[in-house]
There are 6 protein chains.
Amino acid sequence: MERIKDISNSAKAQVLTDALPYIQKYYNKTIVIKYGGNAMIDEQLKDSVMRDIVLLSLVGIRVVVVHGGGPEISGMLKRVGKESRFVNGLRYTDKETAEIVQMVLAGKVNKDLVSLLSQHGGKAIGLCGIDGKMLVARKADTEEDLGYVGDIVEVNTDIINDTLNCGYIPIISTVATDNEGNVYNVNADTAASKIASALHAKNLILMTDIRGLLRDKDDDSTLIPVVKASEVPSLTKQGIISGGMIPKVDCCVEAVRRGVDRVFIIDGRVQHSALIEIFSNEGIGTMLIG
Amino acid sequence: MERIKDISNSAKAQVLTDALPYIQKYYNKTIVIKYGGNAMIDEQLKDSVMRDIVLLSLVGIRVVVVHGGGPEISGMLKRVGKESRFVNGLRYTDKETAEIVQMVLAGKVNKDLVSLLSQHGGKAIGLCGIDGKMLVARKADTEEDLGYVGDIVEVNTDIINDTLNCGYIPIISTVATDNEGNVYNVNADTAASKIASALHAKNLILMTDIRGLLRDKDDDSTLIPVVKASEVPSLTKQGIISGGMIPKVDCCVEAVRRGVDRVFIIDGRVQHSALIEIFSNEGIGTMLIG
Amino acid sequence: MERIKDISNSAKAQVLTDALPYIQKYYNKTIVIKYGGNAMIDEQLKDSVMRDIVLLSLVGIRVVVVHGGGPEISGMLKRVGKESRFVNGLRYTDKETAEIVQMVLAGKVNKDLVSLLSQHGGKAIGLCGIDGKMLVARKADTEEDLGYVGDIVEVNTDIINDTLNCGYIPIISTVATDNEGNVYNVNADTAASKIASALHAKNLILMTDIRGLLRDKDDDSTLIPVVKASEVPSLTKQGIISGGMIPKVDCCVEAVRRGVDRVFIIDGRVQHSALIEIFSNEGIGTMLIG
Amino acid sequence: MERIKDISNSAKAQVLTDALPYIQKYYNKTIVIKYGGNAMIDEQLKDSVMRDIVLLSLVGIRVVVVHGGGPEISGMLKRVGKESRFVNGLRYTDKETAEIVQMVLAGKVNKDLVSLLSQHGGKAIGLCGIDGKMLVARKADTEEDLGYVGDIVEVNTDIINDTLNCGYIPIISTVATDNEGNVYNVNADTAASKIASALHAKNLILMTDIRGLLRDKDDDSTLIPVVKASEVPSLTKQGIISGGMIPKVDCCVEAVRRGVDRVFIIDGRVQHSALIEIFSNEGIGTMLIG
Amino acid sequence: MERIKDISNSAKAQVLTDALPYIQKYYNKTIVIKYGGNAMIDEQLKDSVMRDIVLLSLVGIRVVVVHGGGPEISGMLKRVGKESRFVNGLRYTDKETAEIVQMVLAGKVNKDLVSLLSQHGGKAIGLCGIDGKMLVARKADTEEDLGYVGDIVEVNTDIINDTLNCGYIPIISTVATDNEGNVYNVNADTAASKIASALHAKNLILMTDIRGLLRDKDDDSTLIPVVKASEVPSLTKQGIISGGMIPKVDCCVEAVRRGVDRVFIIDGRVQHSALIEIFSNEGIGTMLIG
Amino acid sequence: MERIKDISNSAKAQVLTDALPYIQKYYNKTIVIKYGGNAMIDEQLKDSVMRDIVLLSLVGIRVVVVHGGGPEISGMLKRVGKESRFVNGLRYTDKETAEIVQMVLAGKVNKDLVSLLSQHGGKAIGLCGIDGKMLVARKADTEEDLGYVGDIVEVNTDIINDTLNCGYIPIISTVATDNEGNVYNVNADTAASKIASALHAKNLILMTDIRGLLRDKDDDSTLIPVVKASEVPSLTKQGIISGGMIPKVDCCVEAVRRGVDRVFIIDGRVQHSALIEIFSNEGIGTMLIG
């Protein structure tokens with residue numbers, strides 16, 4: 001990359017004013033960012049995402065951040081010597097594991113993000129699905145028992161809107177609960193999709209570790225910039241959407257069906273990818289629309 | 001205890017109306033409850049404290065709950081095989097320990113309390129000192145280095161008042177931070193005292209595992225119902241305030257000096273002790289006043 | 001009754017927390033209480049009703065009190081030497097009588113209740129149907145002329161809602177008016193029913209001097225706890241609803257038909273009967289539902 | 001008087017626009033009108049006062065009406081055969097008399113005024129000193145016992161401001177109360193003066209049955225248009241202020257001393273006298289200033 | 001005219017109170033006044049219109065003033081030596097003329113009116129169709145090119161309502177714009193009609209230099225006081241509506257069709273004509289209704 | 001300048017996030033921009049200033065624009081063949097000239113700026129000192145009569161704050177008025193300074209046609225970046241501040257004395273100079289501080 005300090009003040013100013021139409025377009029609109037993957041591990045990327053979020057918030061966008069934390073959970077489980085049992089490739093979540101999940105997500109990952117946002121001048125608040133009974137789940141309906149793996153059945157947006165209205169950036173860890181107080185591990189992509197729908201968000205942005213949807217997964221130049229929800233079945237049949245992308249794209253389709261304008265699958269490994277996606281007309285990932 | 005179901009409806013109604021003057025007195029006033037000790041371990045007591053808090057909140061009191069979680073922290077440290085080093089009887093808190101403290105308090109203890117309050121119909125939100133930069137600390141100024149043990153230097157009450165004004169009961173775990181994002185373990189009694197002062201609370205209630213201040217610590221009948229801040233030095237000299245009670249009473253005195261009307265040291269082992277203290281004129285612990 | 005002072009603090013506290021679900025259920029809901037009968041004459045009962053009302057108000061219920069005042073009116077008429085003429089058993093209300101009714105209800109009974117509520121810490125305001133043109137009536141359509149006996153044709157709820165929103169407990173005496181300024185005596189049960197409907201109240205409570213609806217009017221153990229509006233014709237045919245109960249039950253049915261959730265006919269002679277009805281699941285009178 | 005219908009539309013319009021500077025001057029200001037005397041008895045005058053009040057209210061003035069009702073009280077006492085005992089020329093007010101006073105003022109006179117205002121399109125609410133504990137009194141400190149004659153010791157303006165802010169014209173009857181619920185008869189001029197001071201009213205207008213302060217009480221042409229508070233003692237010594245005017249003028253002086261800009265003693269027997277006083281620069285009575 | 005000073009204070013007061021029902025009827029309603037003709041040229045008439053407007057505003061009417069300024073435009077064009085080209089009797093508006101129109105209307109006529117209103121105590125703000133993009137126009141669709149003569153295609157009422165809500169009287173000059181920033185000269189009657197419709201105004205008042213709609217245009221006594229929109233075609237066919245009145249009446253019909261209650265064509269040459277029209281039941285012009 | 005399209009998206013994003021601390025610093029603060037000189041004539045510069053203003057507004061800064069328009073006034077005077085008389089080098093402003101000034105500034109320059117801002121998505125409102133009686137002036141106190149040249153004696157900020165609070169960017173042309181409705185030509189720099197003081201603005205930015213304050217006016221490299229108010233007399237004595245810069249710097253000093261934090265004299269000929277000054281720590285002009 002060219003060195004930022006080599007750019008003249010005048011050019012910088014023009015960059016700022018070029019962002020104008022995008023700022024106007026998103027003013028007072030809600031954007032849900034599913035934060036995850038490499039962008040949540042690499043320190044420099046983390047830092048740059050935080051700055052992006054504070055900026056989006058300051059120019060008047062209602063930003064909501066949703067995160068999971070697979071690696072941190074695995075690390076902690078290992079640390080306490082807890083062995084995982086797998087059922088059809090999915091981790092069985094017993095009560096003890098559910099507790100570790102809650103502790104790591106809501107206590108560690110979440111509050112660390114709040115702290116990082118604070119250091120960049122953001123006014124953040126760390127929430128999980130238990131707060132204000134935001135995410136209500138029930139045991140996931142799977143063929144074989146997966147323990148405390150849950151499906152979200154209700155999103156209470158009050159606490160999100162209340163904190164947004166008070167000027168905070170809500171950071172949400174995807175721990176859900178039921179009426180008996182059981183805690184469930186829920187999929188973060190799905191949670192982000194459901195939260196975006198419930199908030200009638202304008203955009204949902206999924207940060208991933210891939211370039212976007214590729215016709216040839218080994219060739220970045222085959223990126224599909226725009227996908228219509230109606231094209232998804234055909235793309236799946238062709239194998240272009242496959243493996244781990246299938247549930248991810250399902251979340252996107254679901255969000256679009258429930259009223260989210262646009263869903264972006266972007267590459268979190270690229271610095272400022274969210275900002276570029278929102279503040280330019282050169283989409284850098286794949287946009288899913290209705 | 002007499003069985004509650006043996007009390008007639010009429011008598012029950014009278015009990016309710018007898019609470020009237022106390023409800024009126026505390027209407028729209030702030031009460032900070034330092035929740036801890038046995039009342040936070042025994043399941044039945046926990047349940048009863050939660051009900052008390054929801055009730056206080058519903059009759060118009062702005063309730064703020066502050067909690068630590070020593071036993072849970074020790075349990076987790078043990079589980080991850082972390083040995084503790086002690087300095088003058090105080091646990092040295094290295095970076096790793098500070099992380100465990102944050103995770104256990106903000107992720108486990110805190111959210112479990114939020115969940116429990118929810119189940120009793122409370123509208124709760126779980127916060128720690130990192131959220132909205134509520135508790136700013138610096139390294140504690142002790143003779144020997146204690147690592148990440150902190151002194152609170154600033155309480156930003158915005159996030160507490162914002163959530164109270166939106167109708168939530170804020171549950172606060174005593175994890176603090178500095179401007180560089182370091183996390184500090186801070187004493188929960190001190191934190192509660194500082195929060196109460198900063199909020200101009202009417203009352204601060206410390207739930208403990210003792211009956212109150214006793215002239216003879218082995219004789220409950222020697223309970224001192226009221227202590228003036230000015231009497232504390234003499235009571236300390238007489239050895240009536242001693243050991244672990246010294247810093248606890250210091251917190252109380254500090255709160256009173258900074259404008260809190262009354263501080264109560266109550267016995268959390270007694271069911272509904274907070275409710276009895278607030279809703280009757282028969283103090284059941286020791287009240288500290290200016 | 002067991003002596004209230006024999007109940008331990010702990011039991012008292014439990015009584016308070018047992019009220020929680022009821023407080024939550026009625027929070028910010030409107031309850032209209034038709035106050036009358038013995039409960040309005042006996043000094044101790046009066047006192048206890050006032051305390052109940054203040055308590056209901058403090059725990060967040062929007063309480064509206066509607067009252068008549070037959071005995072006080074009769075007393076005053078007698079005092080000024082005014083003889084009453086009866087038409088088919090109903091008192092003929094000439095202009096002079098209407099004036100006495102207004103004076104006694106709006107000036108004496110009403111303001112005395114406001115004063116009593118004030119003494120128990122309530123923030124009350126005394127209104128009648130003339131204020132803010134709340135109750136608009138026209139001459140009752142009866143076979144024989146009854147003079148200034150009126151039927152309510154319109155309830156303007158603005159003044160009730162305005163005063164509720166300012167935090168007052170409105171006490172309403174059932175004097176109505178027409179566009180020419182004539183004053184009408186209106187039935188208090190009917191007025192309460194119409195006001196409850198117009199306010200979309202959750203509950204209407206009629207305080208009477210009977211135990212409730214009894215299958216055998218001489219046997220309290222035959223109390224019918226719940227009556228559906230659809231069962232009323234049959235119960236009337238059977239003579240279980242008869243005499244003065246017929247118009248009273250009609251008011252209840254009308255309120256339920258117009259959207260009030262539940263109407264309670266309770267025994268005002270029992271201390272705290274309203275409180276017991278609202279704050280327990282042991283109904284002590286007859287509940288009429290849709 | 002020239003016939004109003006002989007005035008051309010154009011002249012009428014000019015009359016309206018001539019009122020402009022006065023309307024602007026009083027916009028959103030508070031005026032307390034002590035209503036009494038002939039203007040409260042003569043039907044045509046009553047009607048015209050009501051229209052004036054509605055007009056003042058509509059052009060943005062916060063109008064508060066305070067009234068007594070001597071003749072109506074006397075009439076009622078007579079009707080119930082209650083003999084009055086006089087002490088030094090002042091009526092002794094026993095408990096029974098106090099009750100009649102409350103009933104007549106708050107129930108009859110007050111609500112009749114509310115009704116009359118309503119008929120002219122005013123949005124009025126009838127209050128007395130008991131409502132919202134507005135007027136707190138104690139037994140008047142007189143040489144000989146006068147029973148329930150009271151001195152106002154506190155004016156709680158909340159209920160007046162609340163109702164003004166909701167757009168009502170508060171009509172206040174001068175019945176006061178103490179903390180034990182005793183009812184006191186208080187002087188209406190004094191009450192109006194105290195209410196005006198407590199509300200920081202701009203003007204206080206006393207409607208009387210005299211032309212104003214006259215140098216020669218038998219010669220209307222000797223009207224004193226403006227009196228300074230400091231001139232009152234001298235005018236009293238000269239006998240120009242004498243008899244019943246002494247306490248009346250004292251009320252005026254007291255109001256001016258406590259911050260009311262101007263107090264007007266006007267002749268209620270002249271139609272539209274209040275309107276003329278406020279909406280022209282030709283004062284028609286006596287103005288008392290600081 | 002009779003001399004205003006010959007009217008007694010009492011008669012004046014009665015004039016004021018006679019306005020009551022009209023003030024009540026228009027309270028908080030919106031009235032759009034198209035100001036023009038002689039009333040905008042004659043100094044005394046101007047003055048009197050301004051007073052009327054301030055009065056209407058003070059008694060709670062939301063007044064919006066719309067004005068053109070033909071004579072001032074012509075004057076200025078002449079002054080800069082700009083010759084006008086006419087197409088079918090309509091002035092061709094080239095870019096330069098459009099600029100003069102904007103300058104004269106928005107800079108001179110408009111701000112002079114604001115100044116005049118200020119001097120009479122009004123709180124006015126001068127706007128044109130460019131401000132807040134209030135009036136969006138496109139090139140008028142005429143047979144022969146008229147240059148920058150525009151048809152209004154959109155009225156953004158935000159800026160009008162915002163300024164009304166802040167207590168200002170908006171004075172609007174009829175200069176419109178398109179998305180490219182071109183400026184259009186638009187007909188003031190049409191603009192007033194469109195603004196009134198967009199604001200859901202109660203009344204639209206067109207000030208003209210004629211007495212109203214006359215059956216015989218030379219005989220004022222043949223004034224038609226009320227015209228229904230449905231009668232317009234027939235009246236046009238009869239030649240009663242003819243010439244310049246045709247587009248004017250079309251504006252009225254259009255306003256009525258789009259929800260304005262009543263449109264008045266009044267004679268601006270008569271002093272206080274707007275006030276008389278609104279504040280009496282003797283219409284002095286022609287009222288057009290739906 | 002490097003071509004903006006050669007800057008990578010990533011670098012652009014970093015430019016945006018680099019602006020973060022500046023956006024945070026000015027959030028919800030008021031900045032007054034005196035717009036003038038070349039930046040108001042050159043079309044490209046105009047366009048770029050407008051974009052800067054919209055951007056500043058969107059990121060939460062309360063921007064107020066103040067402008068004069070010397071060249072446009074001269075042009076118009078010439079066009080109408082009005083010769084100017086000069087007194088001590090200052091133009092004598094007769095009534096006719098004052099009218100032209102008002103017309104050109106408030107009608108042409110002002111509304112053109114509003115239009116331009118609109119086209120870039122800004123929500124602007126065009127005001128002059130007459131609106132809401134914002135700028136009250138009196139005849140300037142000069143040795144020789146200058147006609148309608150005025151000194152501002154009062155700034156009513158209500159209309160500015162009202163429009164800012166409604167979300168508009170107020171564009172103010174420097175035409176002032178007195179209580180008699182006379183119109184005065186006032187110096188735009190002075191007006192901007194007085195408006196900034198009255199608004200308690202954080203910054204005042206004067207756009208000029210010079211690089212800033214130069215030690216050697218022919219050598220841009222001798223720019224003085226920061227000047228303290230106390231240094232001004234000495235700099236004037238040295239001749240570094242001279243000629244037309246003397247009154248300009250006086251306005252700056254006055255603003256700083258009356259509480260404006262910082263005043264910037266910047267070069268309007270440099271594109272985005274205002275944005276660069278605010279959004280970077282490389283001041284490009286001269287900053288005057290207290």
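Biologist: Before we start, what does it mean to superpose two copies here?

Modeller: Copies are laid over each other by least squares on their C-alpha atoms, using residues with pLDDT of at least 70 in both. This is a predicted model, by the way.

Biologist: Then how do you know that chain D and chain E are related by a two-fold axis?

Modeller: Two copies of a chain are related by a rotation about an axis and a shift along it. For chain D on chain E, the rotation is 180 degrees and the shift along the axis is 0.1 Å, with an RMSD of 0.0 Å. That's the relation of a two-fold axis.

Biologist: Which C-alpha of chain D is nearest the axis?

Modeller: The one of D:Val59, 2.3 Å away from the axis. And both copies use the same surface: 100% of the contact residues of chain D recur in chain E.

Biologist: What makes you say helix 1 of chain A is largely enclosed?

Modeller: A residue is buried if 20 or more other C-beta atoms lie within 10 Å of its own. Seven of the ten residues of helix 1 (residues 9-18) pass, so the rest of the structure largely encloses this helix. Among the buried ones are A:Ala11, A:Lys12 and A:Leu16.

Biologist: What covers those buried residues of helix 1 of chain A?

Modeller: The cover includes helix 2 (20-26) of chain A, plus helix 1 (9-18), helix 3 (43-58) and helix 10 (273-279) of chain F.

Biologist: How many residues does each chain bring to the contact between chains C and D?

Modeller: Chain C brings 29 residues and chain D brings 29 residues. On the chain C side, helix 5 gives the largest share, 13 residues.

How values were computed. Residues numbered from 1 in each chain as written. Chains lettered and ligands numbered in written order. Predicted model: local features only at pLDDT ≥ 70, side-chain atom pairs only at ≥ 80, totals over all residues. Contact = placed C-beta atoms within 7 Å. Helix = DSSP H or I, 4+ residues; strand = E, 2+ residues; numbered from the N terminus. Buried ≥ 20, exposed ≤ 12 C-beta atoms within 10 Å, placed from the backbone.
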